[in-house]
Amino acid sequence: MIIYVPQGDNNAMPQSRSQRLGAIVLLVASLVGAAIALYAYVTPLTGVNGTLGALVAILANIALAVMALILPALKGNAARNAWRVLILLGLAGTFFAALLLHQWWICVAMGVGLIGLILDMALANRTVRPAHT
C-alpha cells in the first residue's frame, strides 16, 4: 500500500512565530500607547484632557496598530521596506507628539515599538532553508 503525502512548496512556508515577533511587539506597543492616550484624553486633570493633541495621539497609535497588522502580510522586500519607513515616520511623529503633550509613557511605548520594528527588520533577514534539497 502506497500513501501519498504532499510535501508542499518550501518557499510557500508560513512565517514562523519568531519572524512575526517584531510585528507583534509593535502591535502591542501601539495598542498600549493608544490606551494611554485615551486615558489622558478622557481623564480630568491630566493636562491634556479633551485636547486635539491627545486625540491625534490616539488616532496615530491606532494607525500604527493597523500598520503592524499589515506588515507580516506584505510580500517582497520593496513593499516591506517602504512600509517600515512609514511605520518609522509614524513612530517618530507620535513620539514627538507625546513629548509635546508631556505624556512620557506614550514615549516609552513608542520606544518599545521601535524595538519591535528593529526586531522585524533583523528577523526578516534570516532565510528559511530546507534541511534536505
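This is a walk through the structure above, from its overall layout to a few of its residues. Keep in mind as you look that the model is predicted.

Let's begin with the overall layout. The secondary structure of the chain consists of four helices and zero strands. Reading from the N terminus, you meet the elements in the order α-α-α-α. The chain has 133 residues, and 29% of them count as buried. About 8800 Å² of the chain is exposed, and carbon and sulfur atoms supply 71% of that area. How do distant parts of the sequence come together? Take the contacts between residues at least 6 apart in sequence: 67% of these join residues at least 24 apart.

Now turn to helix α4, which covers residues 104-124. This helix has 21 residues and reaches 30 Å from its first C-alpha to its last, close to the 30 Å expected at 1.5 Å a residue. Which residues of α4 are buried? They are I106, C107, A109, M110, G113, G116, L117, D120 and L123. To make sense of such a list, it helps to know that an α-helix has 3.6 residues a turn, so residues three or four places apart point the same way. You can try this on the structure: M110, G113, G116 and D120 are among the buried residues of α4. What do the buried residues of α4 pack against? Their partners are α1 (21-42), α2 and α3 (77-101).

Two of these buried residues deserve a closer look. G113 is in helix α4, and G113 counts as buried because its relative accessibility is 1%, which is under the 20% cut-off for buried residues. Leaving aside residues up to four places away in sequence, G113 touches L26, A29 and L91. The C-alpha atoms of G113 and S30 are separated by 6.7 Å, although the two residues are 83 residues apart along the chain. M110, also buried in α4, touches A29, S30, N61, L64, L91, T94 and F95, again not counting residues up to four places away in sequence.

M110 also leads us to the interior. In soluble globular proteins, nonpolar side chains tend to be buried together. Here, the largest nonpolar core has 21 residues, and I87, L91 and M110 touch the most other members. Each of α1, α2, α3 and α4 supplies at least two residues of this core. Which helix gives the most to this core? The answer is α2, with six residues.

Charged residues come next. Side chains of opposite charge can pair when their charged atoms come close. The structure holds two salt bridges. In one of them, R80 pairs with D120, and the closest N and O atoms are 3.2 Å apart. R80 lies in helix α3 and D120 in helix α4, so this pair ties together parts that are 40 residues apart in sequence. D120 also forms a salt bridge with R84, where the closest N and O atoms are 2.9 Å apart. Since D120 lies in helix α4 and R84 in helix α3, this pair ties together parts that are 36 residues apart in sequence. Together, R80, R84 and D120 are linked in a network of salt bridges. Are these three residues buried or exposed? R80 is buried, with a relative accessible area of 8%. D120 is buried as well, at 2%, and R84 is buried at 9%.

Finally, let's move outwards. M121 lies in helix α4, right after D120 in the numbering. M121 counts as partly exposed because its relative accessibility is 34%, a value between the 20% and 50% cut-offs. M121 and A23 are 98 residues apart in sequence, and their C-alpha atoms are 9.7 Å apart in space.

Helix α2, which gives six residues to the core, also has a part in the surface story. L52, L55, V56, L59, I62, V66, L69 and I70 form a nonpolar patch on the surface, with about 710 Å² of accessible area together. One of these patch residues is I70, found in helix α2 (residues 52-70). I70 is partly exposed, with a relative accessible area of 34%.

Key
This is a predicted model: local features need pLDDT of at least 70, side-chain atom pairs count only at pLDDT 80 or more; totals for chains, interfaces and linings use all residues. Side-chain values use heavy atoms; hydrogens and water are left out. Patches are made of residues with over 30% relative accessible area and no salt bridge: like charges are joined within 9 Å, nonpolar side chains (Val, Leu, Ile, Met, Phe, Trp, Tyr) within 5 Å. Accessible areas come from the Shrake-Rupley method with a 1.4 Å probe; for residues, only the protein chains shown count as cover. A salt bridge is a side-chain nitrogen of Lys or Arg within 4 Å of a carboxyl oxygen of Asp or Glu. Buried means under 20% relative accessible area, exposed over 50%, partly exposed in between (1.4 Å probe, protein chains only). The expected span of a helix is 1.5 Å times one less than its number of residues. Contact means heavy atoms within 4.5 Å. A nonpolar core is a set of buried Ala, Val, Leu, Ile, Met, Phe, Trp, Tyr and Cys residues joined through side-chain atoms within 4.5 Å.
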